[in-house]
Amino acid sequence: MGSFDKFKIWVLFICLVCELGHGFYLPGSYPHKYEVGDFLNVKVNSLTSIDTELPYSYYSLPFCKPEEGVKDSAENLGELLMGDRIENSPYRFKMYTNETEVFLCQTKPLSGEEFKLLKERIDEMYQVNLILDNLPAIRYTKKEGFFLRWTGYPVGIKVQDQYYVFNHLKFMVLVHKFEETNVARVMGTGDGSEVISTVGNSGSDAPGYMVVGFEVVPCSYQHSPDSLKNLKTYNKFPSPIKCDPTTVSMAIKENEPVAFTYEVNFVESDIKWPSRWDAYLKMEGAKVHWFSILNSLMVITFLAGIVLVIFLRTVRRDLARYDELDKEAQAQMNEELSGWKLVVGDVFRAPSNPGLLCAMVGDGVQILGMAVVTIMFAALGFMSPASRGTLITGMLFFYMILGVAAGYVAVRLWRTIFCGDHKGWVSVAWKAACFFPGIAFFILTTLNFLLWGSHSTGAIPFSLFVVLILLWFCISVPLTLIGGYLGAKAPHIEYPVRTNQIPREIPPQKYPSWLLVLGAGTLPFGTLFIELFFIMSSLWMGRVYYVFGFLLIVMLLLVIVCAEVSLVLTYMHLCVEDWKWWWKSFFASGSVAIYIFLYSINYLIFDLKSLSGPVSATLYLGYSLFMVLAIMFATGTVGFLSSFWFVHYLFSSVKLD
């Protein structure tokens with residue numbers, strides 16, 4: 001391969017990384033062709049707030065209900081786990097038909113409980129989330145000359161001790177004219193137009209449109225009581241309604257009804273259907289994101305490279321000096337050995353709690369494999385934002401399938417520790433199948449009781465609990481046991497040196513070895529703390545995160561740094577004749593989880609200042625604990641396996657009698 005060909009490959013690779021960093025995605029569903037006059041039905045999702053992080057059903061507040069009754073839309077496992085509850089709504093449009101002053105309904109006089117609940121939801125800054133043709137409603141506000149983008153609109157607002165509700169909605173639907181050649185090209189086949197979903201019964205020659213945008217402007221408007229008499233749903237309000245988002249007039253009062261109206265305007269747009277999600281996925285401060293991520297990657301790679309070079313040169317020099325000696329000199333040198341050579345008879349001595357270590361390493365392989373595969377699929381665009389819950393569903397699916405890897409690694413490591421003994425492998429496989437899932441199940445169940453007590457849609461229904469338990473014991477556990485069986489049949493790793501019967505005494509250390517282990521987590525934390533801010537903002541501040549290309553790069557670098565840090569710490573411990581390296585190598589890289597948890601607490605105190613109530617704070621800390629445990633298992637496994645490989649390589653490279 002010539003130098004020019006190599007250059008082209010590098011350019012192609014850089015371009016691919018740049019595209020992934022900009023959030024490439026696949027559309028996720030077929031476009032719907034609507035003809036003029038076809039009905040468009042708006043759906044509602046859960047009410048959400050960054051103030052409490054507790055989602056609630058849309059119809060938990062006194063809003064208008066559809067005439068045909070409230071019906072749930074099709075939901076996948078990921079949507080249910082995320083707290084999404086998508087239902088039908090009374091908002092109904094006709095394609096390319098502008099309408100104004102459309103009367104929706106007038107509620108019954110607000111009871112004391114409804115009045116109190118509305119005030120609470122307004123105080124807690126709850127947002128109403130609407131969906132049209134799978135697109136969330138988007139709202140633009142102007143602040144200090146900049147346009148801010150929000151998903152959904154607030155339930156209401158408080159002005160001078162008076163509560164106002166947004167009861168008139170001004171919708172703008174962006175549509176793009178259906179172009180058969182373009183859609184066929186999007187589908188990747190000349191016959192693509194044959195599979196486009198068509199709504200309506202008109203002839204195929206009628207002009208059609210696709211929904212490419214959905215915007216909403218909420219207003220608070222005081223309707224005249226006399227004008228509301230004898231009005232039915234979808235009737236035209238008799239007087240003009242002026243929607244001014246800068247003023248509010250519909251104050252809510254106990255024992256008084258609230259009237260709801262809307263208007264809709266269709267605007268033809270140049271946005272193509274495959275690009276209609278771009279407005280939602282645009283990331284604020286992209287240049288800062290690029291600069292900070294690349295700067296972090298370069299600094300950490302440089303530091304890790306220096307550490308690795310120094311480390312490898314030291315080991316190689318020790319080995320070269322020893323190999324140059326003749327047998328007589330070697331025998332004499334054996335009596336004067338120092339450092340890692342002195343622990344040759346103890347370095348492979350079985351660690352304390354070997355079954356627990358094997359289970360944690362097996363679970364770490366499963367979690368790390370799930371994360372890598374999921375992020376790769378997301379970076380390639382397969383976890384489309386148009387398919388809500390796909391990311392969570394994919395993570396759950398990959399986690400269960402990778403139970404085979406967890407069982408295999410755990411049992412094979414168990415047999416290696418005990419020099420090929422098969423005894424106890426079933427118990428180890430069961431531990432790998434139940435240890436981390438059991439901890440996760442306990443945390444999520446505890447948090448779910450809090451959500452149930454708050455009547456939040458974020459609570460996992462009991463039926464879904466049963467489904468999750470069945471998935472665990474009917475799919476994940478059997479696959480882990482199958483992996484354990486394969487690990488029991490696979491040949492164990494032979495130790496290059498024999499282990500003495502009597503353990504060598506570890507000399508007193510100048511400093512606590514665990515202090516160094518805990519401090520080692522700072523270097524891996526430095527690789528991800530910037531990306532961690534964007535992830536936390538996505539999880540808790542309602543911002544969209546879809547730059548999985550960045551995340552994939554950071555994750556690969558994190559794996560490399562964790563391996564290097566654990567190698568260095570293991571070598572340092574062996575040099576001071578501390579042969580108990582097994583657990584220390586695991587926690588040297590796994591200690592990054594401590595710093596992530598401390599960062600989470602810092603984020604709660606300084607960034608989530610508005611997070612109100614002990615329930616919200618407990619949920620935040622509970623989910624953070626679940627996240628850092630998974631990270632500890634994954635990063636600890638990387639450190640342990642790399643250290644095990646290094647120790648095996650080190651003592652098999654030189655013959656020590």
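**Exercise 1. Which helices each supply at least two residues of the nonpolar patch?**

The model is predicted. Work from the patch to its supports.

- Step 1: List the members. F449, W452, F462, V466 and L470 form this nonpolar patch on the surface.
- Step 2: Note the area. Together these residues have about 530 Å² of accessible area.
- Step 3: Assign the supports. Helix 11 (425–453) and helix 12 (462–489) each supply at least two of the residues.
- Step 4: Rank them. Helix 12 gives the most, with three residues.

**Exercise 2. Place W452 in its element and classify its exposure.**

- Step 1: Locate the residue. W452 sits in helix 11.
- Step 2: Read its relative accessible area. The value for W452 is 33%.
- Step 3: Apply the cut-offs. Buried means under 20%, exposed over 50%, and partly exposed in between.
- Step 4: Conclude. W452 is partly exposed because its relative accessible area is 33%.

**Exercise 3. How many salt bridges does a search of the whole structure find? Analyse the one between K236 and E101.**

- Step 1: Take the total. The search finds seven salt bridges.
- Step 2: Check the pair. The side chains of K236 and E101 meet at 2.9 Å, N to O.
- Step 3: Place the partners. K236 lies in the loop between strand 15 (208–219) and strand 16 (259–268), while E101 lies in strand 4 (residues 99–106). The two are 135 residues apart, so the pair links distant parts of the chain.
- Step 4: Classify each end. K236 is exposed, at 52% relative accessible area. E101 is buried, at 13%.

Keep the general principle in mind: side chains of opposite charge can pair when their charged atoms come close.

**Exercise 4. Is R121, the salt-bridge partner of E124, buried or exposed?**

- Step 1: Confirm the bridge. The R121 and E124 side chains meet at 3.4 Å, N to O.
- Step 2: Classify R121. Its relative accessibility is 7%, so R121 counts as buried.

**Exercise 5. Describe the salt bridge between R504 and E577.**

- Step 1: Take the distance. The side chains of R504 and E577 meet at 3.2 Å, N to O.
- Step 2: Find the loops. R504 is in the loop between helix 12 and helix 13 (513–519). E577 is in the loop between helix 15 (548–575) and helix 16 (582–590).
- Step 3: State the separation. These partners are 73 residues apart and link distant parts of the chain.
- Step 4: Classify both. R504 is partly exposed, with 31% relative accessible area. E577 is buried, with 18%.

Key
Residues numbered from 1 in each chain as written. Predicted model: local features only at pLDDT ≥ 70, side-chain atom pairs only at ≥ 80, totals over all residues. Heavy atoms only, no water. Patch = residues over 30% accessible without salt bridge, like charges linked within 9 Å, V, L, I, M, F, W, Y side chains within 5 Å. Areas by Shrake-Rupley, 256 points an atom, 1.4 Å probe, with all protein chains shown as cover. Salt bridge = Lys/Arg side-chain N within 4 Å of Asp/Glu carboxyl O. Helix = DSSP H or I, 4+ residues; strand = E, 2+ residues; numbered from the N terminus. Buried < 20%, exposed > 50% of the residue type's maximum accessible area, 1.4 Å probe, protein only.
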